[in-house]
Amino acid sequence: MPLVKNGRITTDMFVHVADGAELPGDGAVLISAARFLEDPEAILKRAGKTGVIWPNSRAVDDLVPHLDRLAAVALVFPTFRDGRAYSQARLLRERHGYDGELRATGQVLRDQFVFMSRAGFDAFEVKKDADADAFAETMKRYSVFYQPTGDGRVTALNRRMQLRHSESAGQ
């Protein structure tokens, strides 16, 4: 499954480890929320990076105390019609200040890439290579947005205000 990160197809450094399987001593792993919450302190003591696959049916509040030590949080889109992971992403980025990898997984469709990116996702597990290729093109298509979000992009209103300020400063 291709991984798109920061607008480029990249090698996934995280290994998905099934519940019940032995955790490697080092290396980057993605584990289920249930496994992580059994003993987060023991898991976070590993030498390698840890990421958690967080279901959209669970509140992110249980994850918040550990965010500063997690290298990745993978939020699940079980169907394309279920948008709860969008809310989780915005909460993690904007309210809780999470700055690690925020990955969209599950039903990640190319027509939702821009919305997912605007919500704070910076990595995407896609099903097809064609979708991965389309991601970079899709992200280049939009440079200005009307709605503010936590992704740091300047809104159309802010851009207009900047232009007015620079014009009035030049007079």
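Me: Lys and Arg count as positive here, and Asp and Glu as negative; with that in hand, how far apart are the mean positions of the two kinds of charge in the protein?

Reply: They are 6 Å apart, for 24 positive and 23 negative charges, and please keep in mind that this value, like the others, comes from a predicted model.

Me: OK. What's the order of helices and strands along the sequence?

Reply: The pattern reads β-β-β-β-α-α-β-β-α-β-α-β-α-α, which comprises six helices and eight strands.

Me: And what box do the C-alpha atoms fill?

Reply: Taken along the principal axes, the box is roughly 65 × 35 × 30 Å. The protein exposes about 9700 Å², of which carbon and sulfur atoms supply 51%, and 42% of its 171 residues count as buried.

Me: How much of the contacts in the protein comes from residues 24 or more positions apart?

Reply: If one takes the contacts with a separation of 6 or more, such residues account for 45% of them.

Me: Switching to the inside: which residues have the most contacts within the largest nonpolar core?

Reply: Those are Val73, Leu75, Phe121 and Phe124, in a core of 32 residues. Apart from that one lies another core, of five residues, including Phe14, Ala28, Leu30 and Ala72.

Me: What does Val73 touch, leaving aside its neighbours within four places in sequence?

Reply: Val73 is in contact with Val52, Trp54, Leu63, Leu67, Leu92, Tyr98 and Leu102, and also with Glu101 and Arg103.

Me: Arg103 again, then. Which side chain does Glu125 meet in a polar contact?

Reply: The side chain of Glu125 makes its polar contact with the side chain of Arg103, at 2.8 Å. Glu125 itself lies in strand E8, which covers residues 123–125.

Me: Is Glu125 buried or exposed, and why?

Reply: Glu125 is buried, because its relative accessible area of 5% falls under the 20% cut-off. Beyond its neighbours within four places in sequence, Glu125 is in contact with residues that include Met1, Pro2, Leu3, Asp12, His16 and Leu30, as well as Ala104, Thr105 and Val108.

Me: Last one, Ala42. Where is it placed, and why does it count as partly exposed?

Reply: Ala42 sits in helix H2, residues 40–44, and it counts as partly exposed because its relative accessible area of 42% lies between the cut-offs of 20% and 50%.

Me: How far is Ala42 from Ala123 in space?

Reply: Going from C-alpha to C-alpha, the distance is 26 Å, while in sequence Ala42 and Ala123 are 81 residues apart.

Notes: Residues numbered from 1 in each chain as written. Predicted model: local features only at pLDDT ≥ 70, side-chain atom pairs only at ≥ 80, totals over all residues. Heavy atoms only, no water. Core = buried A, V, L, I, M, F, W, Y, C linked by side-chain atoms within 4.5 Å. Buried < 20%, exposed > 50% of the residue type's maximum accessible area, 1.4 Å probe, protein only. Contact = heavy atoms within 4.5 Å. Helix = DSSP H or I, 4+ residues; strand = E, 2+ residues; numbered from the N terminus. Areas by Shrake-Rupley, 256 points an atom, 1.4 Å probe, with all protein chains shown as cover. Lys, Arg positive; Asp, Glu negative; His and termini not counted. Charge placed at Lys NZ, Arg CZ, Asp CG, Glu CD. Polar contact = N/O pair within 3.5 Å; in protein donor to acceptor, adjacent residues only side chain to side chain.
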